[in-house]
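Subject: Structure handover

Hello,

Here is the structure I said I would pass on. My notes follow below it.

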Amino acid sequence: MKHLPIIKYALLGVSTLLFLIWVAFQPLESVDAQLYWCYGVLALSLLLIIVLPMINMVQNPKAAVRSMLGFGLVVVVCLISYALGDGSPVVNSGGGFFENAAVNKMTDAGIYLTYVALVATIFVAIFGEIRNSFK
C-alpha cells in the first residue's frame, strides 16, 4: 500500500487549500464548499473502506479468513449491545421524557459499544506493551 501516504497528503493539501480559499474569499456564513468537500471526502473514505479490503481478500485469501472472523466478532458485539439496551423512557432536561423506544434502544447500544471499545483499546494497549517488552 505504497500509494496511501500519497493519497493522504494530497487530500490534506486540497483540504488546506480549500480552507485558505474559503477564509480569504468567502463570507463567514458561507460553508457550502466545505460541506461539499466534507461529503466528498466521506464518500471517498466509505468507498475505499469497502473496495480496498475486497482487493486484499482476493490477493491474500488467508488474511480474508482472519478479516471475516474479526468482522464477525464486531457484528456479535453489536448485536449483544443492542440486545442489552432496554429502550425505556429517559427524563430530559426540560422535565419531559424521551419516549421513542427505538431511539432509546439504539442510544443504549451506542453507549455499550463505546464501553466495549474503550475496554478493548485499553486491553490491546497493555497487551501490546507487555508483548513488546519480551521481544
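To begin with, Ile55 is found in helix α2, which covers residues 32–59. Please keep in mind that this is a predicted model.

Ile55 has a relative accessible area of 43%. That value lies between the 20% limit for buried and the 50% limit for exposed, so Ile55 is classed as partly exposed. Ile55 also belongs to a nonpolar surface patch of about 820 Å². The other contributors to the patch are Leu42, Leu44, Leu46, Leu47, Ile49, Ile50, Val51 and Met54.

Next, helix α4. It runs over residues 101–133, which makes 33 residues. From its first C-alpha to its last, α4 reaches 48 Å, close to the 48 Å expected at 1.5 Å a residue. At the start of the helix, a side-chain oxygen of Asn100 comes to within 3.2 Å of the backbone nitrogen of Ala102.

Which residues of α4 are buried? They are Asn104, Asp108, Ala109 and Gly128. These buried residues pack against α3 (61–84) and against two strands, β1 (90–91) and β2 (97–98).

Last, the segment after α4, where Phe134 lies. Is Phe134 buried or exposed? Phe134 counts as exposed because its relative accessibility is 70%, and the cut-off for exposed is over 50%. Between the C-alpha atoms of Phe134 and Ile6 there is a separation of 35 Å, with the two residues 128 apart along the chain.

Regards

Technical notes. Residues are numbered from 1 along each chain as its sequence is written. This is a predicted model: local features need pLDDT of at least 70, side-chain atom pairs count only at pLDDT 80 or more; totals for chains, interfaces and linings use all residues. Side-chain values use heavy atoms; hydrogens and water are left out. Patches are made of residues with over 30% relative accessible area and no salt bridge: like charges are joined within 9 Å, nonpolar side chains (Val, Leu, Ile, Met, Phe, Trp, Tyr) within 5 Å. Accessible areas come from the Shrake-Rupley method with a 1.4 Å probe; for residues, only the protein chains shown count as cover. A salt bridge is a side-chain nitrogen of Lys or Arg within 4 Å of a carboxyl oxygen of Asp or Glu. Helices (H or I, at least four residues) and strands (E, at least two) are DSSP runs, numbered from the N terminus. Buried means under 20% relative accessible area, exposed over 50%, partly exposed in between (1.4 Å probe, protein chains only). The expected span of a helix is 1.5 Å times one less than its number of residues. Contact means heavy atoms within 4.5 Å. A polar contact is a pair of N or O atoms within 3.5 Å; within protein, one must be able to donate a hydrogen and the other to accept it, and residues adjacent in sequence count only if both atoms are side-chain atoms.
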